[in-house]
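Biologist: I would like to learn how to read the contact between two domains. Could you walk me through it with an example?

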Amino acid sequence: MEVVASAPGKVLVAGGYLVLERPNAGLVLSTSARFYAIVRPLRDELSHDSWAWAWSDVKVTSPQLSREATYKLSLKKSTLQLTESANPFVEQAVQFSVAAAKVTVTDKEGKEALDKLLLQGLHITILGCNDFYSYRNQIEARGLPLTPEVLLSLPPFCSITFNSEVANGTMTGEKCKPEVAKTGLGSSAAMTTSVVAALLHYLGAVNLSCLGQSSSGSAAGRDLDLLHAIAQSAHCIAQGKIGSGFDVSAAVYGSQRYTRFSPEILSSAQVTGGHCMSDAVADIVTRSWDHEKDKFSLPPLMSLLLGEPGTGGSSTPSMVGSVKQWQKSDPQKSKDTWTKLGIANSMLENQLRNLSKLAEDHWEPYESVLRSCSRLMCSKWTEVATSQHQELIVRSLLVARDAFLEIRLHMREMGIAAGVPIEPESQTQLLDATMNMEGVLLAGVPGAGGFDAVFSVILGDASDAVAKAWTSSGVLPLLVREDPHGVSLEACDPRTREH
């Protein structure tokens, strides 16, 4: 038996920093970049004395990193014997998933099957799409152009090289582990979620084969909620902090408007720190998670384009720390800025939802406006509206754009006040130039901002022209697109697919 599950990476298009605190929301798009986890037994046959074993084996293979790690799994405690941690995200995912299966699988038949699967040992293979990793340095070193075509020529699940340079935001003199260069799509959350999903399905704790029917009250909906609780817990413990969780939520449920869970939900898991897994997991599973997730995705005929400027990475934790410090030192100003950002974020969301509704109710005028606007700069968009419906559509596009300019303004102000490069000058010039191009609705820095990445939301078929303009400005346009689907059960190992 083999189970393959996948989970997507994400882009936070609005709500950076604010999403850390309830009740602020963030708009997060899941993407076509996915992590895959393949789970199969280590041993096909069990020896006659295996029923008396106290330990089983777990082997984790990461072909792209040419790494393999082996562990002993305590069958009683659901914990791994760690002499030295190789990948805390995978290790916590395994411990939490095995403990969750033991807590939730209660029927006699299921328990016997679970015990047998654990005695056979677990072989987990992890693969991440190329989109999660930065190939910019290799492309430049080989003297190739910074184009999507060059990225397309790379073999899928390409081997990954390590960055030896110190990333921006690392303290001088700090010992720096070689870092894998990444594109900021939330690889640790997507990887953790894919491993938890594959294990929970393999061990019989959830059934991911009928995800299409998942509504909140359905069995599939309950399975996703269990998967979410376990993936969030494993991810937070591995990170050593309780973050907002929007990246894990997007990996599980797909594109959404997200409001974080109360951090107290995970306090018990944090305290045990993996010492008594079954108690911690029983507690996590029975608690009522209060995160909010409302379906949200880009309206029709709009596409997401991501680019890698290559001006050095930014360290998100240190930027968040500086913003929190500023909130403490100037509570009034920071509260005002956050209020304005909250209003602009809501305005952007409402206009995008409105455009989706207009597309549904009045497809022909909607399609006509978006196709026309995709060939024009925004100053000329009002000229294309010849009917009342078309006027509403153009007005909504322009209000969304204004709301986003407002978001960028307040994010820049916050960056200056907190002394962190949320939208550095080099990015501002690039984003302003992009927003003035034909067919561009939005252009910004995703998530916490910094130098890592830029994104744009583009109308109709204008993406190719934007990609070409980025290439000529030294920005590498990535292949990743929005894909609103969350976690998924796959039919086979993605390496065996026709490419």
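Biologist: How many residue pairs are in polar contact between domain 1 and domain 2?

Modeller: Happy to help! This is a predicted model, and the count is four residue pairs in polar contact between the two domains, with both residues at pLDDT 80 or more. On the side of domain 1 that touches domain 2, β1 (3-14) and β10 (292-295) each supply at least two residues. The largest share, four residues, comes from β1.

Biologist: What kinds of residues make up the side of domain 1 that touches domain 2?

Modeller: They divide into nine nonpolar, five polar and four charged residues.

Biologist: How many salt bridges are there between domain 1 and domain 2?

Modeller: A salt bridge needs a side-chain nitrogen of Lys or Arg within 4 Å of a carboxyl oxygen of Asp or Glu. The count here is one. To see a salt bridge in the model, look at Arg257 and Glu349, whose side chains meet at 2.8 Å, N to O.

Biologist: Where do the two domains lie along the chain?

Modeller: The assignment gives domain 1 as 3-131 + 180-297 + 485-489, and domain 2 as 310-474. Their contact takes 18 residues from domain 1 and 23 residues from domain 2. The domain centres, taken over C-alpha atoms, are 32 Å apart.

Biologist: And what area is buried between domain 1 and domain 2?

Modeller: About 1,600 Å², with carbon and sulfur atoms giving 67% of that area. Three residues to pick out are Val13, Tyr17 and Leu18: together they supply 40% of the area that domain 1 buries against domain 2, more than any other three residues.

Conventions:
Residues numbered from 1 in each chain as written. Predicted model: local features only at pLDDT ≥ 70, side-chain atom pairs only at ≥ 80, totals over all residues. Heavy atoms only, no water. Domains from an automatic or database assignment. Contact = heavy atoms within 4.5 Å. Buried area = accessible area lost by both parts, 1.4 Å probe. Polar contact = N/O pair within 3.5 Å; in protein donor to acceptor, adjacent residues only side chain to side chain. Nonpolar A, V, L, I, M, F, W, Y, C, P; charged D, E, K, R; others polar.
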